[in-house]
Amino acid sequence: MGLGGCIILIAVGAILTFATDWDMEGVNLDLVGVIFMIVGLIGVTTFSSIARRRRVVMPPSAPVIDEEGHHHHRRDGYSDGYGV
């Protein structure tokens with residue numbers, strides 16, 4: 001379930017809890033709505049923690065030593081400001 005599904009669960013839970021006054025025998029819709037909201041919040045926090053871990057960290061570029069012993073830094077576009 002993605003972030004959109006979690007937000008939909010929260011919205012449906014809020015509607016069931018706060019915006020309806022239906023009475024069903026054997027089912028407490030207020031409790032079902034609260035459960036939907038809790039599951040949606042757990043999903044949002046799980047999704048955001050997983051998305052935070054997916055960030056890619058580029059390792060620093062290693063200097064290149066040519067045959068004459070001169071050091072050159074490789075320009076990778078990240079360390080010097082958008083490849084400028």
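Select Leu29, Gly33, Met37, Gly40 and Gly43 in helix α2: these residues are buried. Show α1 (3-19) as well, since the next thing to look at is the packing between the two helices. The buried residues of α2 pack against α1. The spacing of such positions has a general background: an α-helix has 3.6 residues a turn, so residues three or four places apart point the same way. Keep in mind that this is a predicted model.

Now select the whole of α2, residues 29-53. Its 25 residues should span 36 Å at 1.5 Å a residue, and the C-alpha atoms at its ends are 36 Å apart, so the expected and modelled spans agree.

Go to the N-terminal end of α2 and pick Asn28, which caps it. A side-chain oxygen of Asn28 lies 3.2 Å from the backbone nitrogen of Asp30.

Stay on Asp30, but turn to its backbone oxygen: a polar atom of the Thr17 side chain lies 3.4 Å from it. Thr17 belongs to helix α1. Select Thr17 next. Is Thr17 buried or exposed? Its relative accessible area is 15%, under the 20% cut-off, so Thr17 counts as buried. Leaving aside residues up to four places away in sequence, Thr17 touches Asp30, Gly33, Val34 and Met37. Gly33 and Met37 are among the buried residues of α2.

Finally, colour the chain by pLDDT. The chain mean is 79, and 62% of residues reach 70 or more. Which element has the highest mean pLDDT? Among the elements of the chain that is α1, at 94, whereas strand β2 (residues 71-73) has the lowest, at 54.

Note on methods
Residues are numbered from 1 along each chain as its sequence is written. This is a predicted model: local features need pLDDT of at least 70, side-chain atom pairs count only at pLDDT 80 or more; totals for chains, interfaces and linings use all residues. Side-chain values use heavy atoms; hydrogens and water are left out. Helices (H or I, at least four residues) and strands (E, at least two) are DSSP runs, numbered from the N terminus. The expected span of a helix is 1.5 Å times one less than its number of residues. Buried means under 20% relative accessible area, exposed over 50%, partly exposed in between (1.4 Å probe, protein chains only). Contact means heavy atoms within 4.5 Å. A polar contact is a pair of N or O atoms within 3.5 Å; within protein, one must be able to donate a hydrogen and the other to accept it, and residues adjacent in sequence count only if both atoms are side-chain atoms. pLDDT is the predictor's confidence in each residue, from 0 to 100.
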